[in-house]
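Good morning, and thank you for making the time. Please have the sequence and the model open while I talk, as I will move from one pair of helices to the chain as a whole and then to some single residues.

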Amino acid sequence: MSSAPVQQPSESAEFSAEAVERALQQLYYDPDMAQKNVAQEWLTQAQASPQAWHFCWALLSPDKVPEIQFFGASTLHTKISRHWTDLPAEQHESLRSQLIAQVGHFSCGPKMVLTRLCVALASLILHTLLDSWTTAVPDLLRAFQGGEGSAEVDIRYQALLEVLVVLPEELQTRKLSAERRAQLQSALTREWSSLCPLLRQILRREEAAGPVKERVLRCLVSWLALDVDLGESEGLLQDSFTLLREPELFDTAVETIVSTISQHDSQRFADSLLKMLPQVLALQEQLTKAVQDRDMETSHGICRIAVALGETHCRALLEQVDHWQGFQALVNMILSCTGMPGHYPVDETSSSLTLTFWYTLQDDIMSLDTEKQTLYLQVYRPLYFQLVEVLLHKARFPSDPDFALWSADDKEQFRIYRVDISDTLMYVYELLGPELLRNLYDKLGVMLTDKTHSSSWQDIEALLFGFQSIAETVDISYSDVIPGLLGLIPLITADSIHLAETIMLTIGSLAEWLADHPLMLPGVLRLVLQTLSNADLSVATVSTLKRICRECHHSLRPHANDILTALQEVLVKQIHKSTQSMWLMQALGYLLSSLPDEEVLGKLLSLLSPHIQQLERLANEMPSPASKLSTVHILGLLSSLFSTLDLNAQGEGQEDVRAARSQPRTNPVVVVLQQVFPLIQNLLSKWVKEAEVVKAACAVFEKSLKTLIRDFAPLVSQLCELIGQLFSAYPQACALDLTGQLVHVFACEKEHFPPITALLELVTSITMSIFQHGARDHPDVADSFMQLHTQVLKRKADVYLSEGLDVKVVFYCGILSFKFPETPTVKATCSLFTELISHCEDVPAVREVLQEDGLLLLQTLLEAVSGQSCSLLELLSEVFFSMSRHCPSLLSLQLRDALQPPGFPSALLTPEQKEHFCQQILREQVSKWKVRDVVKDFSLLCRGLQ
């Protein structure tokens, strides 16, 4: 094998055809990646060299292998597109002739070389179309027409069509000014009228090969991107419909028609749309046959065409009131696509394409003027009732044996499909209203009570699914059919898991209605609690019970013992998975919140006793993976319970409960927390370095704190001591987050804040040590530390007046946090400095650190702005705005100093641009949105994007 043409690229390198061939040999065949990289770098430099204008032709010689010819064609494109100005004007015509000749030569292939040469020719046309070669398109048409024999004609046409396909694509991808792009697009668009007849002529040649016709269709799609006149394209579009009868061209014809129809600007051409409508409707026969033959590809393609026309141009076609019957026929055709026979996605894949059309049609009808809206509602309201029947039929489960044969992927796609149908039904309800629920109820009543009517569980499930879909998101509290529905549910024999699951979910969707109609609760609860022990229905049953406990808590006191007994049994037996167990504890929290205080503590201790005992056993065991899993699970149960057990907020509407709670008392949750506190402390001493256990323990206190608020006061000192021990032993972000929660709740409590102050001083000192030794491995700690001090600044900034808490530590940790690549950490740091700067007047330490090191902050900010994308610029700009608003004199002194060094923050900036940025920032102290725009523009300048 030949050695590398050069070991390192240099200005004196010999860029000859022979050297390039050796480099390509090395690039393609040398097993050494280092040598490949050297060859790649050398070839890139060769393409940029002046010699490339010469060696590219040698590489295109017929005796070269395709890989070398391809590099020659690519080099030619690179030179024309990027180095055009290097070529003297007098050589333009010669280059053009040579290039056209090469395209003709390679018209038989290889395809990759031909395409690259056509792209190079397209690039040359774009350079010269507006001045020296204004007749480029007609000249090409003449150059590539003719030839002897059908085969030669096809070959020349293929070359011409390849140029025509890539020409608009090259315009779209080329970096051009908006003005020049518009001029070139206009010049090309003017040629479309002369191109269309030729393209139709090629399509209609009986002897034309399939690949030639396919390229004509690709050409149409490509030129449509230039916004050519749809009226001039009608003939080509008509021919495309004809080609749908040719199997080998069907897919390409579908793509062409859909692309044409989907051009939104074509709404300007109402006449063309009306001419297109009969062509689409004429496909109904082909669609029917494809469905009968189970030809999924053909039926899918025709559905795409019908939906594209209906969805893209719905409003335009509705406006043509005189042609409403034609559009109604299209809507019926789309309805037949929605009701495609078979189960999605196993038997058909087309029905899902149609769902968004029904949203569009409904929205467009409701946006019309009153007269047209009334007309169309008379026409389409009955059709939407048909749509509901079709959707519910499509949502039906297959038979159990068939469903068992489906793959996991098919089952997941079917689940998502049902969610989409559910969303569609919910939207349709806005049009049809309560009559839809009455319709569903009547059908369900017939199924369950009419002995002469035979129905499967799938039929019943589908109707309940319809009810659930609507009740899930729409207010149906005024509906008069809900009592009847709840009366029918006990008549259902749930001999399928899917049916039983939908029954539960339907009940859950009616939880808000049940809150207003508590007389219906006993029967519903009986059904739910009976199902609670069925692990197969875990998600549906547990989520339903949780919703009932949340929405109906003020009506559950008579049923509390039954619910508690059922819940305690399934929790002890561990019937449900961890997530559902957490939901059960949340349901218990809602339930207990509705009870009088004197009942809560006893029931709470009875409920938690088995879990506390297990926690005691775990605290005495040696750590193991199994004990870790159990520990996290029990801590999760506690935090889930305490997240919803809110005795202060749940006594609404119960005067006796509220009166009892107005008396001083120790919150039952606090009693339990005091009991388990030593256990948690003992467990954490063993698991202090296990983030999962520490996070679960912190969650127990955090959830309790959020619901207890100031009732948590008896535990503040104890918890601060525990957090300090945890963070000292092994710093973790969750400890800082819990500290922030304490600050938020007790910032104004003088009696309880001293231990929190001591904790702040401790965690700040430890975090400073982490930053000193390299915090890069602890982005979560840095993030939480920034959030903690932002909270302190907002809630109790005077804490920085003490000697124990040095704001300079926070400042310098923040400066380092700006360097983190993690977006959340940088966001939290921006928020910290925005808040910190706002206290430069009322906290002397803040003013002092800004005077000493405000320049460092500005340099850090500018460096961040110069390299950031838009996602963080808004937050960075808020820091600038905070400085401009709260310490303008300091900013005016330091900003210019920060920008003084040459090449900082970007070598692309001029001194004038830096000065302009300074003036704009210093001028704006009112609108942070203007500062954001200034910073965004500055960032673009730094990156050379403006």
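Helix α9, residues 178-204, packs against helix α11, residues 234-243, at an angle of about 25°, and their axes are 9 Å apart. An axis here is a line fitted to C-alpha atoms, for helices over the stretch in contact, with angles running from 0 to 180 degrees between N-to-C directions. That angle makes α9 roughly parallel to α11, where angles under 35 degrees count as roughly parallel, over 145 as roughly antiparallel, 65 to 115 as roughly perpendicular and the rest as oblique. The contact, meaning heavy atoms within 4.5 Å, is made by Trp192, Cys196, Leu199, Arg200, Leu203 and Arg204 of α9 together with Gly235, Leu236, Asp239 and Leu243 of α11. Those residues divide into 6 nonpolar, 1 polar and 3 charged, with Ala, Val, Leu, Ile, Met, Phe, Trp, Tyr, Cys and Pro counted as nonpolar, Asp, Glu, Lys and Arg as charged, and the others, Gly among them, as polar.

Before going on, I should say that this is a predicted model, in which local features need pLDDT of at least 70 and side-chain atom pairs count only at pLDDT 80 or more, while totals for chains, interfaces and linings use all residues. Residues are numbered from 1 along each chain as its sequence is written, and side-chain values use heavy atoms, with hydrogens and water left out.

For the chain as a whole, the secondary structure comes to 46 helices and 0 strands, both taken as DSSP runs numbered from the N terminus, with helices (H or I) of at least four residues and strands (E) of at least two. The C-alpha atoms fill a box of roughly 105 × 90 × 60 Å along the principal axes. Of the 946 residues, 52% are buried, where buried means under 20% relative accessible area, exposed over 50%, and partly exposed in between, with a 1.4 Å probe and protein chains only.

A second pair is helix α5, residues 92-105, and helix α6, residues 111-128, whose axes come within 9 Å and cross at roughly 155°; α5 and α6 are therefore roughly antiparallel to each other. Here Leu95, Arg96, Leu99, Ile100, Gln102 and Val103 in α5 meet Leu114, Leu117, Cys118, Ala120, Leu121 and Leu124 in α6, a set that divides into 10 nonpolar, 1 polar and 1 charged. Pro110 sits in the loop between α5 and α6, and the peptide bond leading to Pro110 from Gly109 is cis, with omega near 0°.

Helix α5 also appears, with α1, α2 and α4, among what covers the buried residues of α3. In helix α3, residues 52-59, 6 of the 8 residues are buried, namely Ala52, Trp53, Phe55, Cys56, Trp57 and Leu59.

What about phi at Gln574? Phi of Gln574 is near 55°, a positive value in a residue other than glycine, and Gln574 lies in the loop between α29 and α30, where Gln574 counts as exposed at 53% relative accessibility. By contrast, Ser581, which is found in helix α30, counts as buried at 6%, and, leaving aside neighbours within four places in sequence, Ser581 is in contact with Leu571, His576, His633 and Leu637.
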